[in-house]
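Here is my note on the model, point by point. Please read it with the structure open beside you.

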Amino acid sequence: IETATLRAVRTSISRMCSEITQARMDEMGWDIILTSAHLGARIGDGGENYTNHTWWQGRFFSKSGKDKRFPPFSDCGDGEVQGIHGANCRHSIGPGDGIHNPFSDIDTEENRRIREKEERQRTLERRIRRSKREAMEYKAARDAAKSEEKWKEFDEDYQRKSALLQKQNKEYKEFCEANGLKKLDDRLQIAKWNRMQAAEARGAAARYKNKKGKGK
């Protein structure tokens, strides 16, 4: 739910900005569109189509498709889930003159490297969210347990999952620092996970580590 909500908000804002820009361009009779470019853009299937954002980013397009000097803007997949202004797309558009392009020197190889790092970052974020959900489930099951045996069983699961979560948080922080990526706390949040939940999980992780240490 959290991921879907954030994606919907980001995508809706992007779509709204695009619609406003295109409406103003229509009012001015301006046909040439310049797409923005950024490192880490999606590669999609790698072909010359709208799923490959590196293919169309930083280029001039004809909004109407009538200016034959430039490809039609429809090539960018405007309105498509995997196209420009689609789900989680960070690209924007603006009026261009067909000559001056501040994005013309984008490094495609560097883009690929950044994209791979960001995809790994997304994987680590998904793991953290999943561990938080599972830790909350174990804690709820423990608190609702009807017998001491079940309480201990679920508490052990809760401690183990909390220790894993702590390890994953550490790995995520170190990965971001090592690769020059911004740590995105909003992508680590889930519903009902607050400071109290985090503090209790840290305590559970500490108990788990202490038991493991004594076991050695």
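1. The largest pocket. This is a predicted model. Its largest pocket has a volume of about 940 Å³. Which residues lie nearest the centre of that pocket? They are R42, N88, R115, R122 and R187, out of a lining of 38 residues. Two elements, α1 and α3, each give two or more residues to the lining. The biggest share is from α3, with nine residues.

2. Helix α1. This helix covers residues 2-28, which makes 27 residues. The expected span at 1.5 Å a residue is 39 Å, and the end C-alpha atoms are 40 Å apart, so the two values agree. Buried positions in α1 are T11, S14, S18, Q22 and M25. What do the buried residues of α1 pack against? Their partners are β1 (32-35) and β3 (93-95). After the helix comes G29, with a positive phi near 70°.

3. S12 and H85. S12 sits in helix α1. At 47% relative accessible area, S12 is partly exposed. In sequence S12 is 73 residues from H85, yet their C-alpha atoms are 8.5 Å apart. H85 belongs to the loop between β2 (60-62) and β3. Is H85 buried or exposed? H85 is buried, with a relative accessible area of 2%.

4. Positive phi outside glycine. Most residues other than glycine have a negative phi. H85 has a positive value, about 65°, although it is not a glycine. K192 is not a glycine either, and its phi is positive at about 75°. K192 is placed in the loop between α4 and α5. With 69% relative accessibility, K192 counts as exposed, whereas H85 is buried. Please look at both residues in the viewer.

5. The largest nonpolar core. How many residues make up this core? It holds 16 residues. I128, Y158, Y172 and W193 have the most contacts inside it. Elements giving two or more residues to the core are α3 (108-143), α4 (148-178) and α5 (195-215). The top contributor is α4, with five residues. There is also a second, separate core of nine residues, with F61, I84, C89 and I93 among them.

6. Y158 and its surroundings. Y158 is one of the buried residues of α4. Neighbours within four places in sequence are left aside here. Beyond those, Y158 is in contact with A135, Y138, K139, R142, Q197, E200, A201 and A204. These contacts are worth displaying as sticks.

7. Helix α4. The helix has 31 residues. From first C-alpha to last it reaches 45 Å, close to the 45 Å expected at 1.5 Å a residue. Which residues of α4 are buried? The set is D155, D157, Y158, Q159, K161, S162, A163, L165, Q168, Y172, F175 and C176. Charged residues are on that list, including D155, D157 and K161. G180 follows α4 and has a positive phi, near 65°.

8. Cysteines. How many disulfides does the model have? The count comes to zero. Take C17 as a case. Its closest cysteine sulfur is in C89, 12 Å away, which is too far for a bond because a disulfide needs the two sulfurs within 2.5 Å. C17 is partly exposed, at 41% relative accessibility. C176 is buried, at 2% relative accessibility. C89 is listed in the second nonpolar core.

9. L39. This residue is found in the loop between β1 and α2 (53-56). L39 is partly exposed, at 32% relative accessibility. What does L39 touch, leaving aside its neighbours within four places in sequence? Its contacts are R90, I106, D107, E110, N111, I114 and E118. T54 lies 15 residues along the chain from L39, and their C-alpha atoms are separated by 8.9 Å.

Key
Residues numbered from 1 in each chain as written. Predicted model: local features only at pLDDT ≥ 70, side-chain atom pairs only at ≥ 80, totals over all residues. Heavy atoms only, no water. Buried < 20%, exposed > 50% of the residue type's maximum accessible area, 1.4 Å probe, protein only. Helix = DSSP H or I, 4+ residues; strand = E, 2+ residues; numbered from the N terminus. Expected span 1.5 Å × (residues − 1). Contact = heavy atoms within 4.5 Å. Core = buried A, V, L, I, M, F, W, Y, C linked by side-chain atoms within 4.5 Å. 1 Å grid on protein atoms, 1.4 Å probe; cavity = no way out; pocket = protein on both sides within 12 Å on 5 of 7 lines; lining within 4 Å. Points joined across faces, edges and corners; volume = space filled by probe spheres on them.
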